[in-house]
Amino acid sequence: MRIVIAGGHGQIALRLERLLSARGEEVAGIIRKAEQGDALREAGAEPVLLDLESASVEEVAAHLQGAGAAVFAAGAGPGSGAARKGTVDKAAAVLFANAAVRAKVRRFVIVSSMGADPAHEGDDVFDVYLRAKGAADTYVRNLQGLDWTVLRPGALTDDAGTGLVRLEAHTGRGSVTRDDVAAVLAELVDTPATAGLVLELIGGSTPVSVAVKSVAGN
């Protein structure tokens with residue numbers, strides 16, 4: 001299956017690309033800078049140079065043609081200001097979802113954040129981020145033509161993954177390794193029975209594959 005990942009040079013995306021390519025998937029990652037391409041190739045993914053802050057729906061859809069799944073893992077990053085939370089975390093997610101519909105790619109997984117809420121209050125940059133993520137999630141959930149799953153990880157760490165998580169509609173606050181987020185995403189992409197679910201993710205005691213099968217009803 002061909003899988004296209006938005007935000008292909010992100011820390012979670014690179015881990016996901018390695019996992020997917022290792023199991024034999026054809027993986028493409030959308031990047032903004034040509035110099036990021038080598039990192040994707042090392043991860044086993046095809047780099048696609050495209051700026052989601054300026055591209056049209058048609059341009060993005062062209063790269064999604066023939067894909068079996070799309071994953072939105074892009075983000076403005078912790079050092080960015082409030083404006084880019086709107087152009088990346090919200091608008092780019094909306095663009096990518098619309099392009100998936102245009103390209104008839106039904107399976108769509110979006111990496112959100114615990115606490116994402118379009119009505120979240122506050123004026124700090126992180127508050128703007130949570131509103132942007134929440135607005136993107138709401139848009140995707142209301143879009144016809146997608147078999148979507150929203151994943152909302154807790155606080156991210158760079159510790160080595162344990163392969164043990166807690167994946168539920170509501171987990172409560174907690175942290176989770178980027179390794180384990182990527183592992184859950186790899187399972188979700190291949191588990192369409194999780195379509196229509198908004199899932200929170202933190203570290204836990206359940207193996208990733210078991211956790212995903214559990215929320216899928218298997």
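## Where the cut-offs sit

Buried here means under 20% relative accessible area and exposed means over 50%, with partly exposed covering what lies in between. By that yardstick arginine 23, at 35% relative accessibility, counts as partly exposed. Keep in mind that this is a predicted model.

Arginine 23 has a partner: its side chain meets that of glutamate 25 in a salt bridge, 3.1 Å from N to O. Glutamate 25 has a relative accessible area of 15%, so this residue is buried.

## The sheet

Let's turn to the strands. Nine of them make an open sheet with mixed pairing, in the order 3-2-1-4-5-6-10-8-11. Strand 3 and strand 11 (206–207) sit at the edges with a single partner strand each, so one side of each has no neighbour in the sheet.

Further in, strand 5 (residues 107–111) and strand 6 (residues 147–153) run parallel to each other and pair over five bridges. Have a look at phenylalanine 108, whose bridge partner in strand 6 is tryptophan 148.

## Helices against the strands

Helix 1 (residues 11–22) lies across strand 1, strand 2 (26–31) and strand 4, and runs at about 175° to strand 1.

Helix 3 (residues 57–64) has Val57, Val60, Ala61 and Leu64 buried. These residues cover an arc of only 100° around the axis, which puts them on the same side of helix 3. And what covers them? The cover on the buried residues of helix 3 includes strand 1 (2–6), strand 4 (69–72) and helix 4 (82–102). Just after helix 3 comes glycine 66, which takes a positive phi of about 85°.

## Salt bridges

Side chains of opposite charge can pair when their charged atoms come close. A search of the whole structure turns up 13 salt bridges. One of them joins arginine 2 to glutamate 46, with the closest N and O atoms 3.2 Å apart. That pair ties together distant parts of the chain, since arginine 2 is in strand 1 and glutamate 46 is in strand 3 (residues 46–49), 44 residues apart. The two ends differ in how they are classed: arginine 2 counts as buried at 15% relative accessibility, while glutamate 46 is partly exposed, with a relative accessible area of 36%.

Arginine 41 and aspartate 38 form another salt bridge, their closest N and O atoms being 2.9 Å apart. They are three residues apart in helix 2 (residues 37–42), which means about one helical turn separates them. Elsewhere, Arg15, Asp158, Arg178 and Asp179 are joined into one network by salt bridges that share partners.

## Aromatic pairs

A pair of aromatic rings is described by the distance of the centres and the angle of the planes. The whole structure holds three aromatic pairs. In one of them, phenylalanine 72 and phenylalanine 96 have ring centres 6.1 Å apart and planes at 50°, so the pair is tilted. Phenylalanine 72 belongs to strand 4 and phenylalanine 96 to helix 4, so this pair also links distant parts of the chain, 24 residues apart.

Are these two rings buried or exposed? Phenylalanine 72 is buried, with a relative accessible area of 0%, and phenylalanine 96 is buried, with a relative accessible area of 0% as well. Ring pairs go on to link Phe72, Phe96 and Phe108 into a cluster. Phenylalanine 108 is the residue bridged to tryptophan 148 in strand 6.

Methods:
Residues are numbered from 1 along each chain as its sequence is written. This is a predicted model: local features need pLDDT of at least 70, side-chain atom pairs count only at pLDDT 80 or more; totals for chains, interfaces and linings use all residues. Side-chain values use heavy atoms; hydrogens and water are left out. Buried means under 20% relative accessible area, exposed over 50%, partly exposed in between (1.4 Å probe, protein chains only). Helices (H or I, at least four residues) and strands (E, at least two) are DSSP runs, numbered from the N terminus. The arc is that of the directions from the helix axis to the C-beta atoms. Contact means heavy atoms within 4.5 Å. A salt bridge is a side-chain nitrogen of Lys or Arg within 4 Å of a carboxyl oxygen of Asp or Glu. Two strands pair if DSSP finds at least two bridges between them. Axes are lines fitted to C-alpha atoms, for helices over the stretch in contact, and angles run from 0 to 180 degrees between N-to-C directions. Rings of Phe, Tyr and Trp (its six-membered ring) pair if their centres lie within 6.5 Å; planes under 30 degrees apart count as stacked, over 60 as edge-to-face and the rest as tilted.
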